[in-house]
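Visitor: Could you take me for a close look at the disulfide chemistry here, and at the strands that go with it? I would like the cut-offs along the way.

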Amino acid sequence: MTRNGGLPFSRQFLALALESLKRQALLKIKQDLKDSSNSLADWRTGNGDCCIWVGVFCDKATGHVTELQLGGSNHGRLRLGGKLNPALLDLKSLSYLDLSNNDFDL
């Protein structure tokens, strides 16, 4: 049985479940960050595919989050603080993480 674009129902369900898990992990990560420049404003529930959010990169074939590029800039854009949430560990396919030039709590 197929639905919505020809994907078998079970594959469609898995794709939706994966999207939900990615989104939940990213939102948990964001909740402990201080983002005074509001650079991560698009990281919110209901804002489409989280793979197009600022700093988030996904594998095109699997949809898994493979990179988070959240390095701070000397020009003030994307300068984060706060704490790192353990939800980072929920991103099992993450192979690149840039948190440079930020001001995290120790």
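**The disulfide and the sheets**

Guide: The link of Cys 51 and Cys 58 is left-handed, with -90° about the S-S bond. This is a predicted model, in which local features need pLDDT of at least 70 and side-chain atom pairs count only at pLDDT 80 or more, while totals for chains, interfaces and linings use all residues. Residues are numbered from 1 along each chain as its sequence is written, and side-chain values use heavy atoms, leaving out hydrogens and water.

In the link, the two sulfurs of Cys 51 and Cys 58 lie 2.0 Å apart, and a disulfide here is a pair of cysteine sulfur atoms within 2.5 Å. The count under that rule is one disulfide. Both partners, Cys 51 and Cys 58, are buried, that is, under 20% relative accessible area (exposed is over 50%, partly exposed in between; 1.4 Å probe, protein chains only).

What about Cys 50? Its closest cysteine sulfur is the one in Cys 51, at 5.0 Å, and Cys 50 is not bonded to it because that is too far. Cys 50 is also buried, because its relative accessibility is 0%.

Now follow Cys 58 into strand 4, which covers 56–58. Strands are DSSP runs of E, at least two residues long and numbered from the N terminus. Strand 4 belongs to an open sheet of three strands, ordered 4-5-7 with mixed pairing. Strand 4 is an edge strand there, as is strand 7 (96–98), each pairing on one side only. Pairing requires DSSP to find at least two bridges between two strands. Strand 4 and strand 5 (residues 65–69) run antiparallel and are joined by three bridges. To find one of them on screen, look for Val 56, whose bridge partner in strand 5 is Leu 68.

A second open sheet is worth setting beside it. This one also has mixed pairing, and its three strands come in the order 3-6-8. Its edges are strand 3 (33–34) and strand 8 (103–104); each has a single partner strand, so one side of each has no neighbour in the sheet. Strand 8 pairs with strand 6 (residues 81–82) in the parallel sense, over two bridges. Here the place to look is Gly 81, which stands opposite Asp 103 in strand 8.

That gives you two pairs to compare: strands 4 and 5 are antiparallel, whereas strands 6 and 8 are parallel. In either sense, strands of a sheet pair through backbone hydrogen bonds.

Methods
Helix = DSSP H or I, 4+ residues; strand = E, 2+ residues; numbered from the N terminus.
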